[in-house]
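Me: Hey, can you walk me through this one? I'm new to it and would like the basics.
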Amino acid sequence: MRYKITFAVGAAVGYVLGTRAGRERYEQLRASARRLSENPAVRNVTESATQTGRQVAGRAYHTVSERVGDRMPETVSERVRSLRGRGRGTEDEWGTSNT
């Protein structure tokens, strides 16, 4: 429910800003966002956060696997196996691209 409310608020704010500012302001914001995303410092922080997140997720996965083990319902185990097998080569075991 929280995500639906967040989405609705974001859509409303975007609509209001878009109708008031017009196309020119939209293009300015878009160019600013592109420059920010291409900034080497921002890219380094993003890559570092991504790598840290993958490491934490990997540790959490192994910790849960060790503690839960065979007590996991078979339907959940099958679902996890099917997710891990999908997208080999372009994605890691969490379904995110390796950048």
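Reply: Sure, here is a quick tour, starting with the overall layout. Keep in mind that this is a predicted model.

Me: OK, how many helices and strands does the protein chain have?
Reply: There are three helices and zero strands. Read along the sequence, that gives the pattern α-α-α.

Me: And what's the mean pLDDT of the protein chain?
Reply: The mean is 77, with 71% of the residues at 70 or more.

Me: Where is confidence lowest, and where is it highest?
Reply: Helix H3, residues 74–85, is the lowest at a mean of 65. The highest is helix H2, residues 40–68, at 87.

Me: Tell me about H2 then. How many residues does it have, and what does it span?
Reply: H2 has 29 residues and runs 41 Å from its first C-alpha to its last. That is close to the 42 Å expected at 1.5 Å a residue.

Me: What caps its N-terminal end?
Reply: Asn39 does that job for H2, with a side-chain oxygen 2.9 Å from the backbone nitrogen of Ala41. Past the other end, just after H2, Gly69 has a positive phi of about 55 degrees.

Me: Switching topic: how many salt bridges does the structure hold?
Reply: Just one salt bridge. The side chains of Arg30 and Glu27 form it, at 3.7 Å from N to O.

Me: Why can those two meet?
Reply: Side chains of opposite charge can pair when their charged atoms come close. Arg30 and Glu27 are three residues apart in helix H1 (residues 2–38), so about one helical turn separates them.

Me: Are they buried or exposed?
Reply: In between: Arg30 is partly exposed, with a relative accessible area of 40%. Glu27 is partly exposed too, at 31%.

Me: What about the whole chain, how much of it is buried?
Reply: Buried residues make up 4% of the 99 residues. The protein chain exposes about 8700 Å², and carbon and sulfur atoms supply 58% of that.

Me: Which residues make the nonpolar surface patch?
Reply: Met1, Ile5, Val9, Val13 and Leu17 make it, and the patch is about 530 Å². Val13 is found in helix H1, and Val13 is partly exposed, with a relative accessible area of 45%.

Me: Those numbers look evenly spaced. What does a helix do with such spacing?
Reply: An α-helix has 3.6 residues a turn, so residues three or four places apart point the same way.

Notes:
Residues numbered from 1 in each chain as written. Predicted model: local features only at pLDDT ≥ 70, side-chain atom pairs only at ≥ 80, totals over all residues. Heavy atoms only, no water. Salt bridge = Lys/Arg side-chain N within 4 Å of Asp/Glu carboxyl O. Helix = DSSP H or I, 4+ residues; strand = E, 2+ residues; numbered from the N terminus. Buried < 20%, exposed > 50% of the residue type's maximum accessible area, 1.4 Å probe, protein only. Areas by Shrake-Rupley, 256 points an atom, 1.4 Å probe, with all protein chains shown as cover. Patch = residues over 30% accessible without salt bridge, like charges linked within 9 Å, V, L, I, M, F, W, Y side chains within 5 Å. pLDDT = per-residue confidence, 0-100. Expected span 1.5 Å × (residues − 1). Polar contact = N/O pair within 3.5 Å; in protein donor to acceptor, adjacent residues only side chain to side chain.
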